[in-house]
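Here is a short tour for anyone who likes to check buried charges and internal space before setting up a calculation. Have the viewer open as you read.

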Amino acid sequence: MTTAAPGAQALAYEWIKFRSVRSTVWTTVATAVLPVLGAVFVATTGSLQSDDTVLGGSLTLSVVAQMLAAVVGALVVTGEYSSGTIRTTFAARPRRATVLAAKAALVAGVMYVLALTSCTLAYLVGDALLPEGRYAQGEPLPALFGIAASFAVAAVLGLAVGTLVRHSAGAVTTVIGLLLLPSLFGPLFGDAERWIAGLSPTAALEKLTQTSDAAADAVGSLGPWPSLLLVAAYTTVLTLGALVLLRRRDV
């Protein structure tokens, strides 16, 4: 009889908890549905700007969906602190690094697959419903893979914030602020704007969708892939910091 590796067992345990919590499940469902609804709304109302792309217009609500992905990441850990099940989790898995790694792998994997499927479908729906030849098409490949990755990064960012804050409302507020504030305050930093405004997963997402809203003064002048790499880098650092704190403090 073989025994599954500790990491695989921890991941399986996290998956059971993930699909057992209604708030997490319904937020995940909303994350999947919003991009497609946005594509239908934009196409049927004719609200797409003339200088926008089919890809950008079809993914109008992907920014909101990405915020929900970050909320899911936060709820995966704060929900356990609220219910007290985190004690059971750490009793079953004393190695807290394994627990956090399993949670990160789960939310990143789920959000990547979900976002890639949902955003691809949204693009196809928008392409089918929008008038042919009226708008620039955009370049969906490889952008859609980057878009999905930005959702995964946002979810891990939410997980890191949730681990640090340990309170659902506080974690959700904080992570949404991290997504929005860089773009709002970027213009105040002069030459550093291209770094500050491009710090959030939202900025990287808007560049990847090639929307006309992704102007340099709003989301920074870094390219879409450098922006995504920058976000992934500081998310990794923040997650490692959360792990250090998780090991040092009591439950």
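The report below looks at two buried acidic residues, one helix, one buried threonine and a cavity.

This is a predicted model, in which local features need pLDDT of at least 70 and side-chain atom pairs count only at pLDDT 80 or more, while totals for chains, interfaces and linings use all residues. Residues are numbered from 1 along each chain as its sequence is written, and side-chain values use heavy atoms, with hydrogens and water left out.

Let's begin with helix 10, which spans residues 201–209; helices here are DSSP runs of H or I with at least four residues, numbered from the N terminus. Nine of its nine residues are buried, so helix 10 is largely enclosed by the rest of the structure. Buried means under 20% relative accessible area with a 1.4 Å probe, protein chains only. Just after the helix comes Gln210, with a positive phi near 60°.

Glu206 sits in this helix, and Asp52 lies in the loop between helix 2 (22–45) and helix 3 (54–58). The table shows the nearest side chain of opposite charge for each; Lys and Arg count as positive, Asp and Glu as negative, and His and the chain ends are not counted.

| Buried residue | Salt bridge | Nearest opposite charge | Distance |
|---|---|---|---|
| Glu206 | none | Lys207 | 8.5 Å |
| Asp52 | none | Arg134 | 13 Å |

A salt bridge would need a side-chain nitrogen of Lys or Arg within 4 Å of a carboxyl oxygen of Asp or Glu. For contacts, the criterion is heavy atoms within 4.5 Å. Not counting residues up to four places away in sequence, Glu206 touches Val63, Thr211, Asp213, Ala214 and Val219. With that same exclusion, the contacts of Asp52 include Tyr135, Gln210 and Thr211.

Next, helix 4 holds Thr78, which counts as buried because its relative accessibility is 0%. Its C-alpha atom is 5.6 Å from that of Gly162, although the two residues are 84 apart along the chain.

Finally, what lines the largest cavity? Val77, Tyr81, Ile86, Phe90, Val99, Leu100, Lys103, Thr163 and Leu246 do. Helix 4 (62–83), helix 5 (85–92) and helix 6 (96–129) each give two or more residues to this lining, and helix 6 provides the largest share, three residues. The cavity holds about 40 Å³ of space.

Note on methods:
Buried means under 20% relative accessible area, exposed over 50%, partly exposed in between (1.4 Å probe, protein chains only). On a 1 Å grid over the protein atoms alone, a cavity is a set of points where a 1.4 Å probe fits but cannot get out, and a pocket is an open set with protein on both sides within 12 Å along at least five of seven lines; lining residues have an atom within 4 Å of a point. Grid points are joined across faces, edges and corners, and a volume is the space filled by probe spheres set on the points.
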